[in-house]
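Trainee: I've got a new model open and I'd like to learn how to read it. Can we go through some features together?

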Amino acid sequence: MKLISIPHLKKLTRQDDLTQYGEIYFRCSGLQVPEAYLSGSGNRVYGIYYQKQMIGGFILGKGETLRTLEVFANPDAREQLYHELGAIGDCTEITCFWIAPKVRRNTALNTFVWMCLGFSLRWYGAKNIVFGTCSASLARLYSSTPRSVLIHRDMVNDRKTFIFRGDRHMCLHAFMEILSYKWARLTQIRNYQTSQILSSTNHSS
């Protein structure tokens, strides 16, 4: 009898797990994660596992500085951003968020990863949530909900960057809106691809 594999969330504390997380994230994003950040006392590193493999993860960061601002904003913009955000102790940043390419179009697994992030923020996040990206497609995804506010865009190392903020108590609603947008967009793409295949078949027959 084949056992059903159930995805699960795990807080990573062992050094080998943290190192693996950093390596996988670097392969996915091209961004290095310093060991000091992975093991930082205020940071919580989470991996999502399925069939004994890590398929996604994220870090909820707390500290005197925010990696999001340090990585995605140029130095001349950071001071103003810190000022706008106010007390850093009232901020939790989502960093190093990734989902394995092979599961990004898997509705159930993808939803599970996003819900893990949402509930973790509800349990452990401060009232202000900060997050950023150097992916234009991910920025569009974040912008699909009015609960995610773009507070800065920049150009860092020849890459466009985007920084957002949100409220912790609205994060689950925001993630559901993001997922709804994502699945609607994927359905639209699949329908278009299907119509193109059918059109090509009709023309060739």
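Mentor: Sure. Let's begin with a glycine and its company: leaving aside neighbours within four places in sequence, Gly42 is in contact with Leu60, Gly61 and Lys62. Keep in mind that this is a predicted model.

Trainee: Where does Gly42 sit, and how far is it from Gly63 in space?

Mentor: Gly42 belongs to the loop between H2 and S2. From C-alpha to C-alpha, Gly42 and Gly63 are 6.1 Å apart, although 21 residues separate them in sequence. Gly42 counts as partly exposed because its relative accessibility is 30%, and the buried class needs a value under 20%.

Trainee: Let's zoom out. What is the order of helices and strands along the chain?

Mentor: The protein chain has seven helices and seven strands. Following the sequence, they run β-α-α-β-β-α-α-β-α-β-α-β-β-α. For the fold as a whole, look at contacts between residues with a separation of 6 or more: 72% of these in the protein chain join residues 24 or more positions apart. Buried residues account for 44% of the 205 in the chain.

Trainee: How do I check a helix such as H5 against its expected span?

Mentor: You multiply 1.5 Å by one less than the number of residues. H5 has 18 residues and should span 26 Å, so the 26 Å between its end C-alpha atoms agrees. H1, residues 15-29, passes in a similar way: its 15 residues reach 21 Å from first C-alpha to last, close to the 21 Å expected. Just after H1, Gly30 takes a positive phi of about 80°.

Trainee: What caps the N-terminal end of H5?

Mentor: That's Asn106, with a side-chain oxygen 3.2 Å from the backbone nitrogen of Ala108.

Trainee: Which residues of H1 are buried, and what do they pack against?

Mentor: The buried ones are Asp17, Leu18, Tyr21, Gly22, Ile24 and Tyr25. The buried residues of H1 pack against strands S1, S2, S3 and S4 and also helix H2. H5 has buried positions too, including Leu109, Val113, Trp114 and Leu117.

Trainee: Is Phe119 of H5 buried or partly exposed?

Mentor: Phe119, which is found in H5, counts as partly exposed because its relative accessibility is 38%. Together with Trp123 and Tyr124, Phe119 makes a nonpolar surface patch of about 370 Å². Across the protein chain, about 11700 Å² is exposed, with carbon and sulfur atoms supplying 54% of it.

Trainee: Now a polar side chain. What does Thr92 reach?

Mentor: Thr92 lies in strand S4, and its side chain reaches the backbone nitrogen of Ala126 at 2.7 Å. With a relative accessible area of 1%, Thr92 is buried. Beyond its sequence neighbours up to four places away, Thr92 touches several residues, among them Leu60, Leu121, Tyr124 and Ile129.

Trainee: And salt bridges: how many does the count come to?

Mentor: To qualify, a side-chain nitrogen of Lys or Arg must be within 4 Å of a carboxyl oxygen of Asp or Glu. The count comes to five. One of them joins Lys10 and Asp17 at 3.5 Å, N to O. Here Lys10 is partly exposed at 33% relative accessible area, whereas Asp17 is buried at 10%.

Trainee: What about Asp167 and Arg165?

Mentor: Their side chains meet in a salt bridge at 2.9 Å, N to O. Asp167 is partly exposed, with a relative accessible area of 32%, and Arg165 is partly exposed at 22%. Arg14 and Asp16 form a salt bridge too, at 2.6 Å.

Notes: Residues numbered from 1 in each chain as written. Predicted model: local features only at pLDDT ≥ 70, side-chain atom pairs only at ≥ 80, totals over all residues. Heavy atoms only, no water. Helix = DSSP H or I, 4+ residues; strand = E, 2+ residues; numbered from the N terminus. Buried < 20%, exposed > 50% of the residue type's maximum accessible area, 1.4 Å probe, protein only. Contact = heavy atoms within 4.5 Å. Areas by Shrake-Rupley, 256 points an atom, 1.4 Å probe, with all protein chains shown as cover. Patch = residues over 30% accessible without salt bridge, like charges linked within 9 Å, V, L, I, M, F, W, Y side chains within 5 Å. Polar contact = N/O pair within 3.5 Å; in protein donor to acceptor, adjacent residues only side chain to side chain.
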